[in-house]
Amino acid sequence: MGDGDKPVFKVEKSFISLVRKHIFWIFVAGAFLASILLRRGMLPVASSDMNQFLLPWYDEIVAGGGMASLADHPANYNTPYLLLLVLATKLPMDAVQAIKLFSIVGDYLLAVAVGMVVYRLTDENYRKAVLAFSLTTLLPLTMFNSAYWGQCDSLYVAFLVFAVYSFLKERWTLGFVFVGVALAFKFQAVFILPALIILYMTRKKFSFLNFLIPPAILFLSGLPGVPFGASALRPFTIYFGQADDSKYAFINYFNLGTLFPSVGNADVTVGFMILFTLFICFAMMSYALYKQLVFKGDTLVLLAAWSMICCVVFLPGMHERYGYGGEILLGIWFFLKPSRRRLIPFVVFYAIGLLASFRFLFGIWPQYSGLSLLDELVGPVNKLLGILNIVNFAWLSWLLVGDAAPVPQGAVLPSPVAGKVAASKVVHVAAGPDAPQAGQAEPMAAPPAPARPAEERSAMLVSGGSPEL
């Protein structure tokens with residue numbers, strides 16, 4: 001110790017030790033506080049969607065007397081969201097902040113759903129679940145979607161993630177109820193339908209009648225406006241109106257539509273894109289049945305992400321926000337088992353979604369400016385991003401069929417004991433009554449007996465017997 005050095009005081013040592021002991025929870029608290037402060041800083045911003053749609057809808061509710069305005073409200077969002085706007089008019093705060101408040105609540109509800117899925121698939125590792133919660137609240141798209149943009153995509157995606165959690169627990173009816181609630185908030189929840197059909201065909205665990213639950217809940221979601229003069233079929237008419245956007249091949253999400261030069265007069269192109277999307281979903285279902293793919297655990301999460309991403313990559317009329325659900329589910333899949341093979345598809349999809357959203361919010365580059373030189377650059381960049389998205393989807397499909405491939409009989413399986421270094425066990429081909437089944441841990445072995453000839457040991461293994469000690 002030098003002449004100028006002073007020993008660390010005991011209280012300092014205690015403080016450092018305390019920080020080291022609780023560094024995880026300090027990070028979690030810091031992340032939570034940062035997520036609050038970042039959103040608070042964005043609250044006063046009124047985005048173009050806020051000025052063009054949300055604030056006029058808010059003013060319509062105020063002028064129409066609250067619930068009475070639901071009779072002929074001009075909004076093209078469903079009744080549950082309008083009910084949140086009615087509540088927003090009662091809050092003692094600025095209209096912009098009141099509208100955004102419910103969207104921000106949706107962010108944290110989504111983070112809870114993500115944490116629950118991670119908790120379920122990591123052998124109830126609460127630290128990983130809390131970390132997933134914290135990281136979700138700090139995702140750029142999650143923060144900008146609600147606190148800056150004022151959109152409510154986190155609400156419907158949260159219920160979709162709750163649905164996936166229910167499917168993981170094989171509570172199929174409850175899962176379809178959550179899908180119905182998600183559909184009541186946003187029509188884009190229907191993008192999970194291909195995954196549900198594939199699960200129905202491959203798992204054979206629930207009735208086809210479960211598919212009637214989401215439209216039933218969608219119908220019920222419109223009933224609160226009926227006493228005030230609204231049509232009971234309003235949810236369906238609203239969504240049919242939103243589907244009219246599909247007359248455009250490309251709107252703002254970089255997908256298959258970017259490859260077609262005509263974005264306005266595209267009847268043939270639009271029809272082709274819809275049929276091509278149906279073909280891809282049918283091909284995946286057929287391959288899953290033919291190869292007897294197994295969608296459980298994190299592979300079920302990947303199937304849900306694949307389903308939503310498939311729709312947004314190949315369907316026409318996709319807005320920049322429509323990939324949000326698939327990106328969140330793909331992020332969960334990556335977080336469960338971080339690796340390069342999982343990181344690449346997640347980063348590419350997330351970056352493209354982020355770029356499309358920022359392009360809309362901040363005008364990174366226009367769609368068509370009227371300036372020939374700029375238009376010459378915009379077209380190729382859009383097409384390049386669309387091609388990248390399609391190639392990335394093909395890679396994701398390859399990963400899905402690989403991860404869902406059934407384990408062949410006689411293969412080496414890892415031990416399911418959580419938190420242990422798993423020793424591989426050979427599955428018995430013709431096991432006796434006391435022999436372990438595939439995927440089960442073998443009983444604790446006694447001290448090894450003297451070595452026997454290889455032929456004798458192989459015969460005992462195949463017959464299901466065990467060497468005498």
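This tour moves from aromatic pairs to a charge over a ring in a predicted model. Residues are numbered from 1 along each chain as its sequence is written. Local features need pLDDT of at least 70, side-chain atom pairs count only at pLDDT 80 or more, totals for chains, interfaces and linings use all residues, and side-chain values use heavy atoms, with hydrogens and water left out.

Select F159 and F178 to begin, one of the 37 aromatic pairs found in a search of the whole structure, where rings of Phe, Tyr and Trp (its six-membered ring) pair if their centres lie within 6.5 Å, and planes under 30 degrees apart count as stacked, over 60 as edge-to-face and the rest as tilted. The pair is stacked because the ring centres of F159 and F178 are 6.4 Å apart and their planes are at 25 degrees. Since F159 lies in helix α8 (residues 153-168) and F178 in helix α9 (residues 172-185), the pair ties together parts that are 19 residues apart in sequence; helices here are DSSP runs (H or I, at least four residues), numbered from the N terminus.

Next, select Y200 and F206, whose rings form a tilted pair, 5.8 Å centre to centre with 50 degrees between the planes. F206 is buried, with a relative accessible area of 9%, whereas Y200 is partly exposed at 26%; buried means under 20% relative accessible area, exposed over 50%, and partly exposed in between (1.4 Å probe, protein chains only). Extend the selection to F167, W172, F176, F208 and F211, which form one aromatic cluster with Y200 and F206.

Finally, select W149 and R321: R321 lies over the face of W149, at 5.6 Å from the ring centre, where a charge sits over a ring if NZ of Lys or CZ of Arg is within 6 Å of the ring centre and within 35 degrees of the ring normal.

How values were computed:
Helix = DSSP H or I, 4+ residues; strand = E, 2+ residues; numbered from the N terminus.
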